[in-house]
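This report describes a ligand site and the strands and helices around it, and it may be read alongside the sequence and the structure shown here.

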Amino acid sequence: MTVPPLDAEIASGLRLRTLTPDDASLLVEATATEPGRAVWGPYPVGPYTPAEAREALQAWTGDQTSFALLDDTRLLAAFGLMREADDIAELAYWVPPPHRRHGYATRGLRFLAEWSLSAGGLRRVWLEIEPANTASRSVADGAGFRYERRIRDHCRNPETGAPHDCLIYAKP
Ligand SMILES: CC(C)(COP(=O)(O)OP(=O)(O)OC[C@H]1O[C@@H](n2cnc3c(N)ncnc32)[C@H](O)[C@@H]1OP(=O)(O)O)[C@@H](O)C(=O)NCCC(=O)NCCS
């Protein structure tokens, strides 16, 4: 079962929709000011080239789907949905640096989680958050996720591969 496409106006002027490889230029613009690692796979530290953006979006197919919160022209927040079985999935999020602290991650995550559990056909969604990532923990709380537990050495640093603890938040 694949997750159906999403395209919804979640507030006036704010649209949340599934991303496709044709959205590469949005991703290039969105990553242009990112000094750290963005959410799409092994790519990259810093901005994506058009080819990297297209390749990254192409990799988000099948069990993995990416979504964007958009205004008329810009990507304001990006979300990933990674299915681990037919009816359960991990969600992840990233906001381009210039658009942080405007509530975009929280609003988009709240909508995406509720949609995943209804139209998306999932029965459980969860987040895996580094304990030190206070911004991400606030997003989880604000989007109505429930803190479940801390798992020792469950996550890996994407650059070094070193294991670290993870906090699990879930819905319902
Ligand atoms: C984490 C991240 C997605 C937050 O996005 P955002 O759109 O700025 O978040 P919001 O504006 O919805 O803010 C949500 C809450 O986090 C708080 N917050 C946001 N950035 C913060 C920061 N740098 N330090 C402390 N608190 C922060 C906000 O004040 C808000 O708190 P409130 O609900 O109590 O008012 C963004 O900083 C980011 O992309 N970081 C890099 C990638 C990442 O860490 N992804 C999550 C992996 S689990």
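In which sense, and over how many bridges, do strand S7 and S8 pair? Strand S7 (residues 146-156) and S8 pair in the antiparallel sense over seven bridges, where two strands count as paired if DSSP finds at least two bridges between them, and where strands (E, at least two residues) and helices (H or I, at least four residues) are DSSP runs numbered from the N terminus. This is a predicted model, in which local features need pLDDT of at least 70 and side-chain atom pairs count only at pLDDT 80 or more, while totals for chains, interfaces and linings use all residues. Residues are numbered from 1 along each chain as its sequence is written, and side-chain values use heavy atoms, with hydrogens and water left out.

**Strand S8 and its partners**

Within the pairing of S7 and S8, histidine 164 in S8 is the bridge partner of cysteine 155. The hairpin of these two strands has six residues between them, and glycine 161 takes a positive phi near 80° there. S8 also pairs with S6, again in the antiparallel sense, over five bridges, and leucine 127 stands opposite tyrosine 169 in S8. Because eight of the nine residues of strand S8 (residues 163-171) are buried, S8 is largely enclosed by the rest of the structure; buried means under 20% relative accessible area, with a 1.4 Å probe and protein chains only.

**The ligand shell**

The ligand is surrounded by 17 residues, the closest being Val95, Arg101, Gly103, Thr106 and Asn133, where a residue is counted if one of its heavy atoms lies within 4 Å of the ligand. Strand S5 (88-94), helix H3 (104-117), strand S6 (124-129) and helix H4 (134-142) each supply at least two residues of this shell, and H4 gives the most, with four residues.

The table lists polar contacts, that is, pairs of N or O atoms within 3.5 Å, made by an oxygen atom of the ligand.

| Residue | Protein atom | Distance |
|---|---|---|
| Arginine 100 | side-chain N or O | 3.5 Å |
| Histidine 102 | polar backbone atom | 3.3 Å |
| Alanine 105 | backbone N or O | 3.1 Å |

The protein covers 66% of the 920 Å² of accessible area that the ligand has on its own, as computed by the Shrake-Rupley method with a 1.4 Å probe.

**Serine 136 in helix H4**

Serine 136 is found in helix H4 and counts as buried, because its relative accessibility is 10%. Leaving aside neighbours within four places in sequence, serine 136 is in contact (heavy atoms within 4.5 Å) with Tyr93 and Ile129.

Key. Polar contact = N/O pair within 3.5 Å; in protein donor to acceptor, adjacent residues only side chain to side chain. Buried < 20%, exposed > 50% of the residue type's maximum accessible area, 1.4 Å probe, protein only.
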